[in-house]
Each structure stands twice: as structure tokens, then as C-alpha cells.
Amino acid sequence: MAMATNTIAVNPLSVDPPQGNYDEQQSTSTSGATEDDEVNDDTCVFITWYSRQLAKLPVAIGMIIGVLALTGICSAVAFLFYNIPDFGNPTKGFRARGTDLSARIVSHRNLLQVNPGPNQLSSGIYVGNMSDDRMAFRDATNDWFGRKRRNVDTVQEGGTSGIQFCQESDIFEGVVFGLVGGGKDMFTRQSLISTCTVYETHIEKFIYAQCCFYKDNDECANSRSLGNYVALMNNRSSCLDIRESDVTRVQHLLTDCAPHYLDKSLHKCKYDGECPPSVPAECTAYNHAVYLMFHYLVTSDFSTNAKMGNYDLSMTIVALPVRWWVSVDLYKTVFQNKHLSDGKTAVVALGFDLKFSLFAEFLLSDTLYIGLGAGLVVLIIWVYTGSLFITFITVLGMLMSLLIAYFAFLVLFSLPFFPFVNVASAVLIIGIGADDTFVYYDIWCQTKNAHPLAHTKTILKKTLQHASLTMLVTSLTTSSALYSSIVSSITAVRCFGVYSGTAIIVNFILTVTWLPAAVVIYSRFQDWTSTSNCRCPSSVKKLVSVHTMLSDAWRGFFEHYLPIIVIKLRYVWIVVFASLGVGAFCVVFISPRLQLPNRAEFQVFRDTDLFELYDNEYKPKFDFNVERKNPLYLALVFGVRDEDNGDHWDPDNNGMLNLEPNFNMSHPDVQIWLQDLCQSLKNQSFYNPNEGSLCAMMDMIKLVLSFPCIDATTPCCGQTSFPYPSQLFETCLTTAAECDTPSCLDGYVSPGPLFSRDGSIKALYMRDSSSIENSMNFNYIDTFWTEANSWFDERLESKPVGLTGGWLVAGSDDGTQLYFFNLQKSLATGAPLSMGLSLLFAAVMLILTTWNILISLYAMLSIAGTFSVTVGTLVLLGWRLNIFESAILSLAVGLSVDFTIHYGVAYRLAPSKLRLERTLHSLRSVGSAITVAALSTFAAGAMMMPSTVITYVQLGTFLMLVMTISWVYATFFFLSVCRVIGPQGNFAQIPIHRLFCRKTPIVQQAAVNSQSHELHENENSKPFMANGGITGNPSSGIDEGSQTNMT
């Protein structure tokens, strides 16, 4: 197959190959070009010199060996002297850094955590043995510092039925059951028994074989389920034995107790030890079974419905009595790749906290799909080029691109963090590497077929003149789109942009060094085999025949049919795709628009995964996951600088805590200002009057200092005059913070003044709950943050001297806010900026490539249409502007450019100056190559769709879309516009290229190609199909009459 593909012009099977010295053949070429003429030809000096050197066989072999050696050295250094990336925590690096808000968040985090640095602060001062009066004063202010903590003891639950549960504190591994086909009949006898059957048949056997929580009789504890609670409360030995009357009795009990659950009375009964007298005893029986059922096992709306006698329930949780460290084995043995059901109920989601534990394993196993995609691309390359050697060289070049880029990332750029999203770069390199190979090898074969007797350096030079230009532009535009991600505040996105962009640049360098050297060696091998007496086996001849037949059919499509479709319907294509682009623009920017993420749960698996279904759909429906009121806290910090001085490229480096100099909160003016600040806070809409402890410090100080002195050896009593003298105020604050155990210096920080190790006051930390509930809605949190921040900035304008610093921060107890809000803001500003920079750079590169204003303008219209339709389609598919999506959307600009640039450069380099001939030349010269490139990248993306990891699925979806839409827009819209209003001759041409080349390459290239066409008209009339492209005269295969009909 390889021989047939690349020696059609001189077929060794049927035609005697030319004899004699190759240089002599070149000098007698019908083009009339001699070796001396080649030096003074219309090419840049460097390409001429480079082609002459690389055409020498020893130099080509040396180039191959040198690149291999360089790759080996780089790989050895990167893998031997640097740590292998750890993908165990996929969320690492997915937080915004470098923003004003992130500086406050990081400083607040450094303030609260144990900080062993020189600026460690604490709420306590260790002074050794304390006197009684100091101990009394410290105890009186203990609540102010918040150092007393309450431990809730859990007890083993049981009943006379023999059903026993593990402690409530051990409830964390939950399985969600639902009805097969949907419905709200989960709280019926049949459904409860079905749930128990599925549990005992598929799950319980494994639990008994593993480590679990045990009953008093050393048997595994029962699962917490509605069925088991019904059995417990009716003295049944098993949930399989419950009766209809048992279920009805429990339902009526839940109706009676629902009002007490809704008004938090049952919560007080269980946790506060103060049960209101209005609560019936049966509502707290069986160790608060009713509360636990409402809180853990049924959905949040069930308590409201049960109050009205409505027992509709669509899902329920079964809590397993297993220890956390067996959960991975439990998942793999019982749940992975299995559908657990008995036909009535089924497991619909898993509440195991295992996503991140399993992520690294699935990330590795899903590389199988990347391998399958790569294998399919390899097959396409082999069929297209007909050369196993070129295919092997291409694949090796892709691998070397990734390895050298990895070396550059770690060693040259010294970047400390390699996120898991960088793995997706392999798919990009597979697609882009195949594209470059198709274009280069196609142009090589066309040039060689057009000049069969030319010297190797002449063919190499002409190939590089065209191929290197288009490949350079496509590589630069794609890499610039990735490098533009550096403006992002998100560490993982920046690292992905740097690594992927570097890999693409390295791939281009290898394409113009490694690949040409390999093609030269392979060409010399072909020349040797064509002059030898080797005969092919009959099986090879049959393969050659089949390949030739398919090649002729492929060539016929691009030579005859596709030009007719594009040219004849050009006005239709312009109207259709222009309208489609405008509509997609409206989808992206008007309605429904590209939305910001609305949930903080970090998704790592595809939407249908049981873990993701729980986090995204079922988790918010249970009270124990989402409390009815979860307000954001509000914190004011003085004396600490709000700065993120860590390495923003390293998510583990949060820097150190830096203090403001000359902090003094003891001055009377500061005391008055803090009191006024508290009064102003109480008038704000975000103030929570039910808490009010943010400013309780001043009230506590006044109260404690006003206590009568008993046997006073301290001035911190009997003080009624406010503000207090500076010395008295500081002395009493210090006394209140003193403790007699070194543990108070463990870095624990609570609201109030903060002390250094020498006992001096260095900062003030004030914190309280706000009236704003935690939410993932960007506009809701943005309104709150803008109002609160504006209020505090206004108050700071009157801040007295001594109270240095001062900044406000907010957040949630679960840690999602304001990290998530900061992420949303960064995505909202960084992603559009990155995409805008990508479009700008693409426009600049188009002008520098074609030197024609009109071609660049039409190309930008095509690219804009491709981008709009691609992003619009993703919006309709439900995509949001999340972290990885933002990196992909920036890449959309780079990948949308490739095919249009190939057509644009071919249009500009066409021999003819007429619009029709230029359009035909563009389509026929590179149409075949870019079509196969689109197919190969599409195939690589399609092979990733079965992946479990959502990143691979999203990348596969994106690649399929952008390849399809980019090819359609470039082929039908861009070429149609060029046919209708494309430049003719040198119209709108910028002659600035004279500064770089000896002669005007494009103009003289047209003249030389035209002369060559006339001299070789008979010879080039033979079809050549090395890879599906047409060679020789760009108008061959369609006569004058056909061209006239196309107009």
C-alpha cells in the first residue's frame, strides 16, 4: 500500500523507473530549473538553505537521531529529578488567586489556621500558674473568647425487637432508593419490603464479610432505613415482616410529630437536652426515631406534607453500618457497573464520599479511550498516507511533543503544579499533530507529482514554503488561545494553557524538523525501491488496487462533486451560515446565554454517575445535607494585611500572615469608633439581630470591668467610665486572655483581640452570622457582598489612627463561600478576556499570513461564525461557564482558525488571479487534507464519549462539535464568500513581505507555477492520489465548460 501511494507518478509495478543520476534528472526537468536557479528562486533565504541541508541524507538521519536524543534527555530529567504528578485531589488548583477577594480569603485562612510562622497569633497568652482573681476574670470573659466547647455523647440505640443501629455520628454512607419508573409510593409496605430485599440480597452479604459496626450480640448493626424503623417501632424482628397496619401506625405518628420537627422542638429535645413540654413522649421514643427519620431518611418536603396527612415520598436513604475505610471496596464489589433492583425499587444514587478517592483510578482507566482514539487516528493516517513509516513517525512526534512540553513545564518554566486537566492535552496533540501531518504530506506529494524529476531539496523547499506557513499560523493561533488563559485567576486553567500551548508549539517545531527529515528518508527509500528489481507479492498488489480505487473515488469527490456543491449553491451557503451565526450569537449572549456555574459541588464524573446524581440531584433534598437556615458569616479584621503573598501557580502555597505595623486598639478614640461601628452595623440589611455577637466584645468588656471589686489586686473591676484609658484597656484585655496551660498557644483563633507570643495585642478579629443565607446564586451573593463591602469601606474613611488595616470578608461554615463566589467572578471576567485575546491574535496572524485585508476579514467572519455556533450549541446542551469549560471555550477560537487559514493561504497562493480559479485551487489543494484532519480529530473525540471522567466527555463533545462546525464553515461559508467577493489579482494586498524575502514570493510563485503548468500539462493530466488530494493543475478534472457553468 505504501509503495502504491507514493510512487503513482513512477509506478514500479507497471512502468520502468527513470534511470540515471538524480541531479541530472533535476537539471533536465521540464520546468527548466537548474540548481543555480533554485538558489535565486522566489523563496526566502532561510528556507532555501534549510531545504538544501535537510535534503542531504546524513543530515536528515542526524536530525532524527538528534530529536530522539533530545527527547530522551528531557524525559529523563523531568521524570528522574522531579516528582510524578499526583491526581488524588482533583479540586486542587481550582480556586481563583490574585484577585482582591482572594487576597482576603487567603489572609483570613492564614489567620485562622495554625500558623507556625513568625507572625503566629493566638487568642490566649500562657503565663503559667494564675492567681485566683485572674482566674475569675478569665472565666468571666470565657464566653467572649469562645473557648468553651460542648461535646455531645452518642448512645447505642436499640429496641426489644432486636434491631440495633450504629451511632448517629457514624451515619455517612448512604444509598438512595427510588421507584423503578418513578413515582411517590416509597412509603408503602410493598416499597419498604422491596428496599429491604434489595439491601439484603445485594449489599448486606458484603457488609457481613467486611468490617462493620456491631450489635450487642456481635452481629453487624442494622441499616438505618424506613423499613427497619417501622419494624423497630412495631416490635418486628425484620423489615421483611412488617405489615400494612405497622406502616399506617408510623405514618400517623409522623403526622402528629411533624409540627414539632418543623419548629425545631425535636432538635432541641435531642441535642439541647431541653425538650419543650408540648412535645409528646412518643415523638422522642426509640432514641428520637421520629427526628432521625425526618432528618436523615426522607426528603425535606416530606415533613410539611406529613403534617397534612400526605405521605407521598419519591426517594429514601438507607444508611449503611460500615466503616469509612471499607467504602471503596464496598463500591467496587457491590455497586460499580451494576444496577441493583428487584423490579420494584432500585438504587438510584450513592451518598458515599468517595468521588475524589476514586478519581485518580478512573482518570487512569479512562485513558483507554484516549488510546482507542489515538489508535483510530493512527489508522486514518496510515490509510491516508499509505505509509506505515510516516504514520509511526507522526505518532512518535506527538508523544515527543508531550514529553518535551512536560520538561519545559517543570524545568524551564519551573511551575510546581501539574493539574489533572493537563492530561487532556494529549487529545489536542493527537488532533493537531494529525492535521499538520496531513497538510505537510499532502503538499509534499502534490509537489513531487507536479515535478517528478525535481531534486529533493526543490520539492522540500516548495513544500515548506506552503506547509510551514499554514502550520505556523494554525499552531500560533491555537497556542495563543491557550496561552491567553494565563490571564485567568484560576491556577489549573493557567497551567493547562501553558502546558497545552507549549505542547502545540513543540509539535510545530517537530513538524518542520522531525517530519521533513523522516519524509526525506522515506522518499530516498522509495527512489531506491523504484530502481531495484524487487517484486511485490500478489497480496500487496491487491491492497494497492483497492487503495487506488478508493483513492480515485475520494479524489473524484474533491475534484468534481464538492466544488460543484460549494460554487453552485454559494449564495445559499452564505445566507444559511450567516443566519446560523447570528442566531447562535443571540443564544450565547442574549438568551438563554452562557451562564455562570450555580452549584459548588465539584463534578468529576459524568452526569449519569451514581455519585454525581447524588451530589447534583438528590443531596439537596435531604435536611441533614442542607439545613433550613445556613447563614453566611461576616468577619472584620484589623491589624492584618489582606494579601496573598504565596505562589499563585502552586495551590499548596498560601504564603504567610503579614501584620500591619503600629497596631493599637487601646486608644480611647479607637474604642469609641468600634462602638459606633457596631451601632452602624445594626442598621444594615445584612445584620442578623438574632446573633449580635460580632460586637459583643465591647459589651462584654463594659460588663466585666463594671463588676464590683471583691479583693481587688487588679484594676479590671469597678470601672464605669467609657472610653477607658489606653493602659487600663490593654491591661484588662491581656489579663482576660491569660491561661495556665501551653495549649492556648496552639494557634487557635476566636473572635476578639489576637496576641503575639510576647503577649502584645497585634490584631482584632470580629465575626458573626449575617442575615444572608448561603446560596450559589451569583447575583444574590454579589448584591450582598457589594452592599457589605461598600458599607465597611465608608466606615473606614473615619477610622482613627492606630487601628491599622481593616478589611471585611464573608463565608460559609462549609467552606464553599466566598471561594465559589470568587471563582464565579473570575470566570465571568477571565473567560471573556481570554477569548477576546484569542480572537485578536487570530486576526493579527491572518493578516501576517495572507497579507490581504479582504481574505483576513472573510476568515474572521468564518471564525466568528464557527465560534458562535460551537459555543451556542454547548449552551443548548446545558454547559455553563465552569472551570474546565472556560479553558475549552478559549481553545475554541484557536481550533476554529485552522481550516479557514488553510483555505485562505491556498487561495492567496493560487496560480490564477481570477476569483473562480482561486476558489477551486483552494478547495482542491487542501480540501482533502483538512477533511481527513477533521475526521481524525472528530474520531478521537468520539472515542472519549464512553469515559467516566467528565473532563474527557466534555473534551470529546467539544472536539466533535468544533471540528464539524469549523470544517463546514470553512468549506461552505468562507469559500462561498471568496467566490462571490474574494479579491482578484493583488487587490487589498499588503506588499510588506518584500522586507523578508528576496523577491515577491506570491506573485512570482503564480508566474512560475503557471509556466510549470504549461510545460507539464500533458504529464500532470495523470491523476495522483497519494492521500486523496488532487495535484498538478488546480483546474484539472473539470473542463472549461464546467467552470463556466459554476459561475
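Let's start inside a sheet: Gly752 has Tyr765 in strand 8 as its bridge partner. Before going on, note that this is a predicted model, where local features need pLDDT of at least 70, side-chain atom pairs count only at pLDDT 80 or more, and totals for chains, interfaces and linings use all residues. Residues are numbered from 1 along each chain as its sequence is written, and side-chain values use heavy atoms, with hydrogens and water left out.

Back to that pair of strands. Strand 7 (residues 752-755) runs antiparallel to strand 8, with four bridges between them. Two strands count as paired if DSSP finds at least two bridges between them. Strands here are DSSP runs of E with at least two residues, helices are runs of H or I with at least four, and both are numbered from the N terminus. Strand 7 and strand 8 make a hairpin with five residues in between, and Gly759 in the turn has a positive phi of about 90°.

Strand 8 also pairs with strand 5, and strand 5 pairs with strand 9. Here are the antiparallel pairings that involve strand 5 or strand 2:

| Strand pair | Bridges | One bridge pair |
|---|---|---|
| Strand 5 and strand 8 (residues 761-773) | seven bridges | Tyr633 and Ser769 |
| Strand 5 and strand 9 (residues 807-811) | five bridges | Val637 and Trp807 |
| Strand 2 (residues 174-179) and strand 4 | five bridges | Val176 and Ala349 |Staying with strand 5, Phe638 stands opposite Leu764 in strand 8. Is strand 5 enclosed or open to the outside? Seven of the eight residues in strand 5 (residues 631-638) are buried, so the strand is largely enclosed by the rest of the structure. Buried means under 20% relative accessible area, exposed means over 50%, and partly exposed lies in between (1.4 Å probe, protein chains only).

Strand 2 belongs to an open sheet of three strands, ordered 3-2-4 with antiparallel pairing. Strand 3 (315-319) and strand 4 (345-350) sit at the edges with a single partner strand each, so one side of each has no neighbour in the sheet. From one strand to the next, the twist averages 35°. Helix 25 (residues 610-618) lies across strand 2, strand 3 and strand 4, at about 85° to strand 4. For such angles, axes are lines fitted to C-alpha atoms (for helices, over the stretch in contact), and the angle runs from 0 to 180 degrees between N-to-C directions.

Out on the surface, Val487, Leu833, Leu837, Leu840, Val844 and Leu848 make a nonpolar patch of about 480 Å². Patches take residues with over 30% relative accessible area and no salt bridge, joining like charges within 9 Å and nonpolar side chains (Val, Leu, Ile, Met, Phe, Trp, Tyr) within 5 Å. A salt bridge puts a side-chain nitrogen of Lys or Arg within 4 Å of a carboxyl oxygen of Asp or Glu. Leu833, one of the patch residues, is in helix 30 (residues 819-850) and counts as partly exposed at 44% relative accessibility.

Leu112 is in helix 6 (residues 100-112) and is partly exposed too, at 31%. Leu112 and Val749 are 637 residues apart in sequence, yet their C-alpha atoms are 5.7 Å apart in space.

Zooming out, the protein has 36 helices and nine strands, and 55% of its 1047 residues count as buried. Among contacts between residues at least 6 apart in sequence, 81% join residues at least 24 apart, where contact means heavy atoms within 4.5 Å. The protein exposes about 43,100 Å², with carbon and sulfur atoms supplying 58% of that; accessible areas come from the Shrake-Rupley method with a 1.4 Å probe, and for residues only the protein chains shown count as cover.

How values were computed: Buried means under 20% relative accessible area, exposed over 50%, partly exposed in between (1.4 Å probe, protein chains only).
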